[in-house]
Number of protein chains: 2
Amino acid sequence: MRKEKLMELNHLISSFEIEDLTPLEEVSHFVTVKPYHVRLKNGMEFNRERILKNKKDGSAAITMAITKDDEVLFVVEPRVFIKGGVGVGLPAGYQENQEAMEDASKRELLEETGYLAKEIRVLGSFYQDEGCSGALNYALLATNCEKVSSPHLDKDEHIEIFKCTLEEAYELLENGYIKGANAELTMLLAKPYLKERKEGK
Amino acid sequence: MRKEKLMELNHLISSFEIEDLTPLEEVSHFVTVKPYHVRLKNGMEFNRERILKNKKDGSAAITMAITKDDEVLFVVEPRVFIKGGVGVGLPAGYQENQEAMEDASKRELLEETGYLAKEIRVLGSFYQDEGCSGALNYALLATNCEKVSSPHLDKDEHIEIFKCTLEEAYELLENGYIKGANAELTMLLAKPYLKERKEGK
C-alpha cells in the first residue's frame, strides 16, 4: 500500500471524529419495528419482529465501482455506532420504487461519487439480517466508471471519496479497514470476476 | 449433490411453510430503536437511529461447524420475512454477558445442534448493518465436532438440522439455498482455511 494513500485515508477517517453522541427521548422515524404473529402450516405459532427502514424492507444496492483508470471508489462516512465511529465502505443505497437493482446501483453511485458506470453486473444477493428483516441486498460490480459530475448528497449524508488501486483495496480489506458485511461480501463476490477480467485483458 | 440429500433439505424447508402472518398492534419487545443526536469534532450535526436487540447491539457468533466425519451442520428455520419464509443457515447466536466469541460460538452450537466443537478458530468479524447498528458479528470455524446431546432450544426457536459434505455445502451456497449475509460471508471466509486443512491432511 502506498504510504501517502494510507495517510490520505487515515486523514479522511479522522475528519469525521465524534465529539458527542446524545440519546434522544423522541421516537424513531427512519428505522421502525413492526411485530407480527406467525402461524405455520405445521401448527407452530410464535411472534417475530420486523425491522423497516422508511416503512420498507430497505433492500440496498452495494456497488464495487472501478474507474477507467482501474481505481476502486470507497466512501468514508460517519458510522456513529461502530468502533471508531467512521466507516470505510462501498457506495450503497436503498432501492427506490421497485427500480431494477442495476438502476439503483448506478443512481446511488452517481449521487454519492459523481461517477457514471458504463458497465454493471449483479454479483449476487443476500439478506442483511434474515431473522428480523426482509432486506435483500444486491452486490454489484461497476466497471469503466467515469467522473461526470459532483456528488449530490442528501442533507444528512456526509461522505468523502477515497480512491486506490484494486490491489490496495483488497489490502484494506485484509487489514480491517472495511468492516461492514455489505462491503466485505461484495468485495469477496467480486474477486473471481476481477481475476477473470484481468486475465482477459 | 446427492439427490436424496437435496430431497431431505427441501422436505425440511417445506416443513416450516407459513400459514398466516398477522401484523400486531402492540409495540416491539426484542428489537427496539433508539434515536441519537450526533455532533462531530468538525462541527457537523445530525441524528442517527440505532437498532438494539434485547437492549444490546446484538453482536452474534456465526459458526461453520464440521463434524468428525467431515460433514457441515446447517440449521433450517422459519425466517418469516424473507422470500419463501424459511432460511438455511449456519448455527448462530447472540453473545451473552461479554463472553468470548469462541465461547458464544461453542455454546450456541451445542444448544442448537447438540454438537460439541473440539477445535474452534475466529475467521473474521464484520458489522451486520453499520449505518444503524453496532452489532459486530464474528465468523468462526469449528472442527472435529461431536454429537454429545440433544439440542436445547428456546421456547420460540424452531430448528431442524441438515448435514451434508463440504462439497455439497458450497454447492448449496452456489445454488442460492444459503441466502443470509452472515452464513454466506462465514462460508466464504472459511474457504481458504478449509483448503489449507484439506491439503494438510
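# A tour from loop to interface

Start at Asn54(A), which sits in the loop between β3 and β4 (60-67) of chain A. The model is predicted. Check the backbone of Asn54(A): its phi is near 55°, a positive value in a residue other than glycine.

Now switch to chain B. Select Lys55(B), in the loop between β3 (45-53) and β4 (60-67) of that chain. Lys55(B) is not a glycine either, yet its phi is positive, about 70°.

**Along a helix**

Stay in chain B and select Lys5(B) and Glu8(B). Their side chains form a salt bridge, 3.1 Å from N to O. Look at the helix that carries them, α1 (residues 3-14) of chain B. The two residues are 3 apart in that helix, so about one helical turn separates them. Over all chains, the count of salt bridges comes to 32.

**Into the interface**

Show both chains together. How many residues of chain A are in contact with chain B? The count is 61, and they touch 61 residues of chain B. The buried area between the two chains is about 6,300 Å². Carbon and sulfur atoms give 59% of that area. Next, select Phe81(A), Tyr127(A) and Glu130(A). In chain A, these lose the most area to chain B, together 13% of what that side buries.

Which charged pair should you pick here? Try Lys41(A) and Glu17(B), which form a salt bridge. Their closest N and O atoms are 3.0 Å apart. Across the interface of chain A and chain B there are 6 salt bridges. Polar contacts between the chains, with both residues at pLDDT 80 or more, number 33 residue pairs.

Colour chain A by element. Five elements worth selecting each give two or more residues to the side that touches chain B: β1 (18-23), β2 (31-40), β3 (45-53), β9 (119-127) and α4 (181-200). Which of them gives the most? It is β2(A), with 9 residues. Then colour that side of chain A by class: 27 residues are nonpolar, 15 polar and 19 charged.

**Strand against strand**

Select β1(A) together with β2 of chain B, residues 31-40. The two strands run antiparallel, and 5 bridges join them. For one position to zoom in on, take Pro23(A), which stands opposite Tyr36(B) in β2(B).

**Finding the axis**

Zoom out until both chains are in view. What rotation superposes chain A on chain B? A turn of 180° does it, with 0.0 Å of shift along the axis and an RMSD of 0.0 Å. The two copies are thus related as by a two-fold rotation axis. To locate that axis from chain A, select Leu185(A). Its C-alpha is the nearest to the axis in chain A, at 3.0 Å.

End by comparing the two faces. Of the interface residues of chain A, 100% are also interface residues in chain B, so the copies meet through the same surface.

Technical notes:
Residues numbered from 1 in each chain as written. Chains lettered and ligands numbered in written order. Heavy atoms only, no water. Contact = heavy atoms within 4.5 Å. Buried area = accessible area lost by both parts, 1.4 Å probe. Salt bridge = Lys/Arg side-chain N within 4 Å of Asp/Glu carboxyl O. Polar contact = N/O pair within 3.5 Å; in protein donor to acceptor, adjacent residues only side chain to side chain. Helix = DSSP H or I, 4+ residues; strand = E, 2+ residues; numbered from the N terminus. Nonpolar A, V, L, I, M, F, W, Y, C, P; charged D, E, K, R; others polar. Pairing = 2+ DSSP bridges. Least-squares fit on C-alpha atoms with pLDDT ≥ 70 in both.
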